[in-house]
Every structure is written in structure tokens, then in C-alpha cells.
Amino acid sequence: MKQHKMDSAILYFNKVIVLNPKYPKAHAYRGIAKFGIGNDSGAVDDLNKAIELNPNDNSSYSSRSSIKSKMSDFRGAIDDITKAIEIDPTIADYYNKRGLSEFSILNYINAIKDFTKVIELKPDNANAYNNRGTCKFKIKDKDGACIDWKKAFELGEAKTKAFIEKYCD
């Protein structure tokens, strides 16, 4: 079902692009649909075009960042999500995405900074506490990790219970 809907969306946006090839959202949405069916390189191509047409569209940078991350191009993902943050620094999800990519390349200090920013913007984000706790644990800050994991658990992140029981006093 999903495949059919994405294929239909791609056909629709193909028509929109024929009618208005300079409409950046049509390229962006077609790219997202291509990503939905696993055509990652086609998705990146469409998002490249969307960004070329509108270099101030933070959502296109964010979408391209997600695709690059899936493709294990974490540095490219970080570059794209950083550009999205420059355009709109108020979106917590952008910092979360960048933190996850930083974590993936073992840059725990930068990941901690990003997860901290998520918490500043959304203090009830249990996942950000969990992620920050894991980064702190990786840099041997066990006490800081336990504080974050306990807060994550308090906010409903059940999977942190195992970490708390194993590593925290």
C-alpha cells in the first residue's frame, strides 16, 4: 500500500514539475516520496534541486540530512542539518538529528551539546535525556549519565531502566 501511494505521489509531482519546473516544493516532495520507496540517490537529487531553487528552505536540508544519515554519510548529514539550524534554530528535532549523527561518528562532546539544546527547547523530551546520558557514559561521566537516564525514565523512557539498574547506584 505504501509503495503504491509513494509511486502515485511521484507521478503527481512529476506532472507538477513539468508544469512548473522552478517550484522547489515539488522537487522536495518528490524527493521525500522517492526516499519512501528506497530510492535514496533519486531523493538526494530531487532535494539538491529543491535547495538550488530555494536555498533558504530548512525543511529540504533536514530531509536531505535524514537521507544522508540513512546512507551512513554522517558528515554530510551534519552539514545539512547544521544549515537547517542556521535557517531556523528553534526546531528541537534538528538538534536531535545532528546529535544522532555526531554520536554515529563517535563525536560524543558535540552530541551532548546538541542533546542539551533539545532539552532546552523541549524539557520533557525523554529521548534527548536518554541519548545525552548514553553520550556521557561513553565519555566516562557515569554520574552524569545516571542523572540523565533517571530523568529519561521519569519522563517515560522505559528502556533506560536497564541502564539504571546495571550502571547506576
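Where is Leu 106 found? Leu 106 sits in the loop between H6 and H7. The points below take up this residue and several others in what is a predicted model.

1. Leu 106. This residue is not a glycine, yet its phi is positive, at about 65°. Most residues other than glycine have a negative phi. Leu 106 has a relative accessible area of 58% and therefore counts as exposed, the cut-off being over 50%. The helices on either side of its loop are H6 (92–104) and H7 (108–121).

2. Other positive phi values. Ser 72, also a residue other than glycine, has a phi near 65°. Ser 72 belongs to the loop that runs between H4 and helix H5 (74–87). Lys 140, which follows H8, has a positive phi as well, near 70°.

3. The disulfide. The model contains 1 disulfide. Its partners are Cys 146 and Cys 168, with an S to S distance of 2.0 Å. The two cysteines are 22 residues apart and link distant parts of the chain: Cys 146 is in helix H9 (residues 142–154), whereas Cys 168 is in the segment after helix H10 (160–167). The torsion about the S-S bond is about -95°, so the disulfide is left-handed.

4. Burial of the cysteines. Both ends of the disulfide are buried: Cys 146 has 7% relative accessibility, and Cys 168 has a relative accessible area of 11%. Cys 135 takes part in no disulfide; the nearest cysteine sulfur belongs to Cys 146 and is 15 Å away. A disulfide requires sulfur atoms within 2.5 Å, so Cys 135 and Cys 146 do not qualify as a pair. Cys 135 is also buried, at 0% relative accessibility.

5. Helix H8. This helix covers residues 126–138, 13 residues in total. From first C-alpha to last, H8 reaches 19 Å, close to the 18 Å expected at 1.5 Å a residue. At the start of H8, Asn 125 places a side-chain oxygen within 3.1 Å of the backbone nitrogen of Asn 127.

6. Surroundings of H8. Cys 135 is one of the buried residues of H8. The list also includes Ala 126, Ala 128, Tyr 129 and Gly 133, along with Asn 130, Asn 131, Arg 132 and Lys 136. Among the elements covering these buried residues are helix H6, helix H7, H9 and H10.

7. Glu 157. The loop between H9 and H10 holds Glu 157. Its relative accessible area is 17%, so Glu 157 counts as buried under the 20% cut-off. Beyond its neighbours within four places in sequence, Glu 157 is in contact with Ala 126, Asn 127, Asn 130 and Ala 152. Of these partners, Ala 126 and Asn 130 are among the buried residues of H8.

8. Ser 60. Helix H4 (residues 58–70) contains Ser 60. With a relative accessible area of 1%, Ser 60 is buried. Setting aside residues up to four places away in sequence, Ser 60 touches Ala 28, Leu 47, Ala 50 and Ile 51.

Note on methods. Residues are numbered from 1 along each chain as its sequence is written. This is a predicted model: local features need pLDDT of at least 70, side-chain atom pairs count only at pLDDT 80 or more; totals for chains, interfaces and linings use all residues. Side-chain values use heavy atoms; hydrogens and water are left out. Helices (H or I, at least four residues) and strands (E, at least two) are DSSP runs, numbered from the N terminus. Buried means under 20% relative accessible area, exposed over 50%, partly exposed in between (1.4 Å probe, protein chains only). Contact means heavy atoms within 4.5 Å. The expected span of a helix is 1.5 Å times one less than its number of residues. A polar contact is a pair of N or O atoms within 3.5 Å; within protein, one must be able to donate a hydrogen and the other to accept it, and residues adjacent in sequence count only if both atoms are side-chain atoms.
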